[in-house]
Amino acid sequence: MPELPEVETIARGLAQRVSGDVIDSVWLGRKPEPLKSPALEIAAALEHSRIATVRRMGKHIVFDLEHNGVPAQAQWIVHLGMTGRLQVCEPQAEILKHTHAILKLASGRELRFVDPRRFGRLSVARGFDAGGIEPLEADLDRFLDLFRGRKTPIKSALLNQKLLRGVGNIYADESLFRVGIRPRRRASTITRDQLGKLLVSVKEVLREAIALGGSSISDYVDADGEAGFFQLQHRVYGREGEPCLVCKTPIKRIVIAGRSSHYCPKCQK
DNA sequence: ACTATGTCCTGCGAGC
DNA sequence: TGCTCGCAGGACATAG
């Protein structure tokens with residue numbers, strides 16, 4: 001479900017709501033499938049820890065922990081996959097289907113991880129490395145380096161988290177539309193000048209989306225249960241057959257690396 | 001080393 | 001109404 005802007009929105013909301021709170025106890029669903037680290041390791045790292053900060057790295061949510069004011073070695077890492085949600089609620093709130101983890105907080109509230117499709121992952125790490133570079137912090141030289149000699153379609157390269165972290169299917173399509181590059185264009189065939197413009201539009205799209213609280217397609221909501229509004233700004237994503245907002249040509253949908261890809265055949269070369 | 005493809009899951013809407 | 005099909009904000013493992 002969530003890409004960089006959605007994860008950023010969620011992490012900010014969580015930071016506001018649970019920073020400073022202490023994790024009294026942890027319940028993890030019996031099936032350890034959504035866990036990347038052993039359940040016991042996760043529980044041991046979380047229980048009796050104070051949540052110092054909550055922040056985003058790529059599409060990951062990082063909880064920095066501390067014990068008695070001393071920063072802990074371990075960090076709690078949450079990846080929401082396609083359908084993962086973190087909800088802060090009162091203990092009496094109905095436990096939703098597909099709830100896989102419940103953290104009881106000293107404030108009396110609970111932090112719950114809900115994920116119907118189970119693509120999300122919970123883990124603990126030390127000095128977590130999300131791989132790739134942060135698009136919003138990328139400078140031109142490092143951005144150009146990512147694509148040098150790559151024959152893969154530019155869309156695939158943008159989605160590769162080992163190169164660039166945080167861009168997903170929606171924002172890749174939207175960024176490419178804004179610079180007029182077709183998603184199937186081989187990365188190595190794009191000029192420096194065009195890649196420079198691509199970096200500008202990636203940043204632009206991500207910043208605008210964050211400002212609107214992300215894109216809510218079917219069920220995405222932030223930590224407060226609020227939907228985002230960037231879906232209203234989508235120019236190609238999800239608009240197959242509808243007229244291009246610039247030239248009226250019907251938007252095309254093709255499949256690249258198993259992912260739906262939307263573009264305007266006239267505006268994008 | 002890089003690239004393309006299949007797989008993991010559940011739920012929903014479209015079409016019959 | 002009820003079924004089947006295709007599709008979904010992601011990331012791996014595997015094969016070539």
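Leu158 touches Phe147, Leu164, Val167, Ala172, Leu176 and Leu198, leaving aside residues up to four places away in sequence, where contact means heavy atoms within 4.5 Å. This is a predicted model, in which local features need pLDDT of at least 70 and side-chain atom pairs count only at pLDDT 80 or more, while totals for chains, interfaces and linings use all residues. Residues are numbered from 1 along each chain as its sequence is written, chains are lettered from A and ligands numbered from 1 in the order in which they are written, and side-chain values use heavy atoms, with hydrogens and water left out. Leu158 belongs to helix H4 (residues 154-159); helices (H or I, at least four residues) and strands (E, at least two) are DSSP runs, numbered from the N terminus. With a relative accessibility of 0%, Leu158 counts as buried; buried means under 20% relative accessible area, exposed over 50% and partly exposed in between, for a 1.4 Å probe and protein chains only. Between Leu158 and Phe147 there are 9.2 Å in space, C-alpha to C-alpha, and 11 residues in sequence.

The strands may be taken sheet by sheet. An open sheet of four strands follows the order E1-E6-E7-E5 with antiparallel pairing, two strands being paired if DSSP finds at least two bridges between them. E1 and strand E5 (85-89) stand at the edges, each with a single partner strand, so one side of each is left without a neighbour in the sheet. On average, neighbouring strands of this sheet are turned by 15 degrees against each other, direction ignored; axes are lines fitted to C-alpha atoms, for helices over the stretch in contact, and angles run from 0 to 180 degrees between N-to-C directions. Strands of a sheet pair through backbone hydrogen bonds, either parallel or antiparallel. Here, strand E6 (residues 99-105) and strand E7 (residues 110-114) run antiparallel and are joined by five bridges, with Thr99 opposite Val114 in E7. H1 packs on the sheet, where it touches E5, E6 and E7, and its direction makes about 25 degrees with that of E5. E5 and E7 also run antiparallel, joined by five bridges, and Gln87 stands opposite Arg112 in E7. E5 is mostly covered, as four of its five residues are buried.

On the other edge strand, Asp24 lies in E1 (residues 23-28). Asp24 is partly exposed, at a relative accessible area of 39%. Its contacts, not counting residues up to four places away in sequence, are Glu47, His48, Lys104, Leu105 and Ala106. Asp24 and Glu47 are 23 residues apart in sequence, yet 5.7 Å apart in space, C-alpha to C-alpha. Helix H2 (residues 39-46) lies across E1 and E6 and runs at about 165 degrees to E1.

A further open sheet of four strands has the order E2-E3-E4-E8, with antiparallel pairing. Its edge strands are strand E2 (50-57) and strand E8 (121-126), each of which pairs on one side only. From one strand to the next, the twist averages 25 degrees. E3 and E4 run antiparallel, and seven bridges join them; Asp64 stands opposite Gln75 in E4. H1 lies across E2 and E3, running at about 165 degrees to E2. H2 packs on the sheet too, touching E3, E4 and E8, and its direction makes about 65 degrees with that of E8.

Backbone angles single out two loop residues. Most residues other than glycine have a negative phi, and most peptide bonds are trans. Asn68, although not a glycine, has a positive phi of about 50 degrees; Asn68 sits in the loop between strand E3 (60-67) and strand E4 (70-79) and, at 82% relative accessibility, counts as exposed. His98, likewise not a glycine, has a positive phi of about 70 degrees. The loop between E5 and E6 holds His98, which counts as partly exposed at 31% relative accessibility.

Finally, there is the packing of two helices. Helix H1 (residues 4-18) and helix H6 (residues 192-211) pack at an angle of about 40 degrees, with their axes 9 Å apart. That makes H1 oblique to H6, since angles under 35 degrees count as roughly parallel, over 145 as roughly antiparallel, 65 to 115 as roughly perpendicular and the rest as oblique. Leu4, Pro5, Glu8, Thr9 and Arg12 in H1 meet Leu206, Ala209 and Ile210 in H6.
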